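This report goes through one structure, from single residues to strands, helices and cores. Please look over the sequence and the model first.

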Amino acid sequence: MSASDGGGVVLRRVCPQDRPALIHLMGALNDFEAAIEDNRADASAAEGHLDWVQDEIERLGGVTLVAELQGAVAGFLCYTLEEDPGTFVRPERRRHALIWDISVAEAARGQGIGQALLKAAEAEARAAGAGEIRLYVLEVNTRARRIYGEAGYRNYERLMSKRL
């Protein structure tokens, strides 16, 4: 897969040469989340977290998409295809995609890169037989919740926590 969204953003599958950019983007995501949620690690954990995520994405047959803007990696999104276990979800609705991480470089925000990544993941998931796409977002991340809402995402479940 390699395609342009018409706005100069090129979307493609990740390749080994993208690793430094993905570590940087993961670090920025980690720093952002550490600033709004006190249990999150900062950028110092980015490389290890990226390695773990990419290993899991590969093990589960998932996909990592990269967005390039003017020849430089400006964002990424990774997802897996999954199925709800048991019988609490109707059979035809069990297969879904789950977005693990999405990050867009701060300098590239507001240019539609995140939306282009979401749309590409949605199209690929639909083509693979998924009936929906899901993601987790921190409750305190109001900007991301607004962006996802504008893209058509809605609350599906609510994970509640209590610090002990």
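Ala 45 counts as partly exposed, because its relative accessibility is 26%. The cut-offs behind these words are under 20% relative accessible area for buried, over 50% for exposed and anything in between for partly exposed, with a 1.4 Å probe and protein chains only. Ala 45 sits in the loop between α1 and α2. From the C-alpha of Ala 45 to that of Asp 31 the distance is 9.5 Å, with their positions 14 residues apart in sequence.

The model is predicted, so local features need pLDDT of at least 70 and side-chain atom pairs count only at pLDDT 80 or more, while totals for chains, interfaces and linings use all residues. Residues are numbered from 1 along each chain as its sequence is written, and side-chain values use heavy atoms, with hydrogens and water left out.

**Helices**

Helices (H or I, at least four residues) and strands (E, at least two) are DSSP runs, numbered from the N terminus. The expected span of a helix is 1.5 Å times one less than its number of residues. The table sets this value beside the distance between the end C-alpha atoms.

| Helix | Residues | Expected span | End-to-end C-alpha distance |
|---|---|---|---|
| α1 | 18 residues | 26 Å | 26 Å |
| α2 | 14 residues | 20 Å | 20 Å |
| α3 | 15 residues | 21 Å | 21 Å |

In α1, the buried residues are Leu 22, Leu 25, Met 26, Gly 27, Leu 29, Asn 30 and Glu 33. They pack against α2, β3, β4 and β5, where contact means heavy atoms within 4.5 Å.

Helix α2 covers residues 46–59, and its buried residues are Ala 46, Leu 50, Val 53, Gln 54, Glu 56 and Ile 57. They lie on the same side of α2, because they cover an arc of only 160° around the axis; the arc is that of the directions from the helix axis to the C-beta atoms. On the face turned away from this buried side are the exposed residues Asp 55, Glu 58 and Arg 59. The cover over the buried residues of α2 includes α1, β3, β4 and β5. Just after α2, Gly 61 has a positive phi of about 75°.

In α3, buried residues include Ile 113, Leu 117, Leu 118 and Ala 121. Among the elements that cover the buried residues of α3 are β2, β6 and α4. Gly 129, just after α3, also has a positive phi, of about 90°.

Ile 147 belongs to helix α4 (residues 142–150). Ile 147 has a relative accessible area of 24% and is therefore partly exposed. Between the C-alpha atoms of Ile 147 and Gly 61 there are 27 Å in space, and the two are 86 residues apart in sequence.

**Strands**

How many residues of strand β3 are buried? In β3, which spans residues 63–69, 7 of 7 are buried. In a regular strand the side chains alternate between the two faces of the sheet. Val 63, Leu 65, Ala 67 and Leu 69 point one way from β3, and Thr 64, Val 66 and Glu 68 point the other way.

Two strands pair if DSSP finds at least two bridges between them. Strands β2 (residues 9–13) and β3 run antiparallel and are joined by 5 bridges; Arg 12 has Val 66 in β3 as its bridge partner. Strands β3 and β4 (residues 72–83) also run antiparallel, with 7 bridges, and Val 63 is partnered by Tyr 79 in β4. The hairpin of β3 and β4 has 2 residues between the strands, and Gln 70 there takes a positive phi near 55°.

His 96 is part of strand β5 (residues 95–104). With a relative accessible area of 4%, His 96 is buried. A polar atom of the His 96 side chain lies 3.0 Å from the backbone oxygen of Arg 94. Leaving out residues up to four places away in sequence, His 96 touches residues including Thr 80, Glu 82, Ala 130 and Arg 134.

**Cores**

A nonpolar core is a set of buried Ala, Val, Leu, Ile, Met, Phe, Trp, Tyr and Cys residues joined through side-chain atoms within 4.5 Å. The largest one has 27 residues, and those with the most contacts inside it are Leu 77, Tyr 79, Ile 99, Ile 113 and Leu 117. Its largest share, 7 residues, comes from α3. A second, separate core of 11 residues includes Met 26, Leu 29, Val 53 and Ile 57.

Definitions and conventions. A polar contact is a pair of N or O atoms within 3.5 Å; within protein, one must be able to donate a hydrogen and the other to accept it, and residues adjacent in sequence count only if both atoms are side-chain atoms.
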